[in-house]
Amino acid sequence: MASASVAAIGTILKRGDGTAQAAKTIASSPTGAVENAGRTQATITTTVAHGYLVGDNIIIAGVTNALFNGTFDVVSVTSTTFVVNNAAPAASATSGSGTATDTDTTFSTVAEALEINGPEDALEHIDVTNMDSPSFFMEILPTIIKAGILVCEFNYIPQNTVQKNVLVDYAARTLRNWKIQFSDAQPTIVAFAAYVTKWHPIAKVKDQLKLQIELTLSANVTFAP
């Protein structure tokens, strides 16, 4: 059987900058919003590339047929279309106009990643072994999930805006939203909040400038799709 493995090259780390994303214009009727014949999903077409990913949460507003409006998770995409689960419009209904807006903030790629290692989740546990433990084996009980640490290495570009902003986050002790976007076809997104807890430039003879950063996660990690 042929391997289904995916090359790691193309994986990127994105930093959330806290600003709202710009709305995308939905194409006019009849192609802008189209319900399928089974009345289960709506396909939305934007006038420019939208950049949405599977799992993104999108606000659709101002469509002429208001039954297309609402807040939905994206289930599939092309460059200018996305599909959401919406059973409200009539079967095969068509409409258009309005806007689509990602509820998430704007994310910018941290340039020229060489290695992205983690996040390293771990289930904390307590030892409850006792004299009656079966067959003399240790017994444990799970407690909290420790979100852990993400360690990354980059080609260091001192004047790169996003890399400079990571240093600002470190100095200001700012909790940021981050995403890892893997290189599979979906692509798979790992989302989390973290502090920059290490900033380590590296300069070696016969080597490019490199930068190591460490992100310590706070709260949960989500994987989509």
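Modeller: Two strands pair if DSSP finds at least two bridges between them. Keep that in mind as we go through this predicted model.

Colleague: Happy to. How do strand 4 and strand 7 pair, and over how many bridges?

Modeller: Five bridges link strand 4 with strand 7, and the sense is antiparallel. To see the register, find Ala 42, which has Val 84 of strand 7 opposite it.

Colleague: Which residue of strand 6 should I look for opposite Val 84?

Modeller: Look for Val 74, which stands opposite Val 84 in strand 7. Strand 6, residues 70–77, pairs with strand 7 over three bridges, again in the antiparallel sense. Strand 6 and strand 7 form a hairpin, with three residues between them.

Colleague: Is strand 7 mostly covered or mostly open?

Modeller: Mostly covered: of the five residues in strand 7 (residues 81–85), four are buried.

Colleague: Now the wider view. What is the strand order in the open sheet?

Modeller: The sheet has eight strands in the order 2-9-5-6-7-4-3-8, and the pairing is antiparallel. Strand 2 (24–25) and strand 8 (94–95) are at the edges with a single partner strand each, so one side of each has no neighbour in the sheet. Elsewhere in that order, strand 5 (residues 57–61) and strand 9 (residues 99–102) run antiparallel and are joined by four bridges. There, Ile 59 stands opposite Thr 101 of strand 9.

Colleague: Let me zoom in on one residue. Where is Gln 41, and what does it touch?

Modeller: Gln 41 belongs to strand 4 (residues 41–45). Leaving out residues up to four places away in sequence, Gln 41 touches Val 34, Glu 35, Asn 36, Val 75, Val 83, Val 84, Asn 85 and Asn 86. With Asn 85 there is a polar contact between the two side chains, at 2.9 Å.

Colleague: Is Gln 41 buried, exposed or partly exposed, and why?

Modeller: Partly exposed, because its relative accessibility is 29%, and that class lies between the 20% limit for buried and the 50% limit for exposed. For a sense of distance, the C-alpha atoms of Gln 41 and Gly 18 are 31 Å apart, with 23 residues separating the two along the chain.

Colleague: On to the nonpolar cores. Which residues have the most contacts inside the largest one?

Modeller: Leu 13, Leu 150, Trp 178, Phe 192, Ile 213 and Leu 215 have the most contacts in that core, which has 21 residues. Two or more residues each come from strand 14 (149–155), helix 1 (161–172), strand 15 (176–181), strand 16 (189–202) and strand 17 (210–224). A second core, separate from it, has 15 residues, including Ile 60, Phe 72, Phe 82 and Val 84.

Colleague: And empty space? How should I think about a pocket?

Modeller: Rolling a probe the size of a water molecule over the atoms shows where empty space is left. Here the largest pocket has a volume of about 320 Å³. It is lined by 19 residues, and those closest to its centre are Asp 104, Lys 179, Ile 189, Ala 191 and Thr 222.

Colleague: Which strand gives the most to that lining?

Modeller: Strand 16, with four residues. At least two residues of the lining come from each of strand 15, strand 16 and strand 17.

Colleague: What about the loop between strand 15 and strand 16?

Modeller: Thr 188 lies there. Thr 188 counts as buried because its relative accessible area is 17%, under the 20% limit. The side chains of Thr 188 and Asp 184 make a polar contact of 2.7 Å.

Colleague: Last topic, backbone geometry. Where are the cis peptide bonds you would point out?

Modeller: One joins Ser 29 and Pro 30, with omega about 10°, and Pro 30 is in the loop between strand 2 and strand 3 (33–35). Another runs from Gly 118 to Pro 119, with omega near 0°. Pro 119 sits in the loop between strand 11 (113–117) and strand 12 (122–127).

Colleague: And what is the phi of Ser 97 and of Phe 136?

Modeller: Ser 97 is not a glycine, yet its phi is positive, about 70°. Ser 97 is in the loop between strand 8 and strand 9, and is partly exposed at 31% relative accessibility. Phe 136, also not a glycine, has a positive phi near 65°. Phe 136 is in the loop between strand 12 and strand 13 (140–146), and counts as exposed at 85% relative accessibility.

Methods
Residues numbered from 1 in each chain as written. Predicted model: local features only at pLDDT ≥ 70, side-chain atom pairs only at ≥ 80, totals over all residues. Heavy atoms only, no water. Core = buried A, V, L, I, M, F, W, Y, C linked by side-chain atoms within 4.5 Å. Buried < 20%, exposed > 50% of the residue type's maximum accessible area, 1.4 Å probe, protein only. Contact = heavy atoms within 4.5 Å. Polar contact = N/O pair within 3.5 Å; in protein donor to acceptor, adjacent residues only side chain to side chain. 1 Å grid on protein atoms, 1.4 Å probe; cavity = no way out; pocket = protein on both sides within 12 Å on 5 of 7 lines; lining within 4 Å. Points joined across faces, edges and corners; volume = space filled by probe spheres on them.
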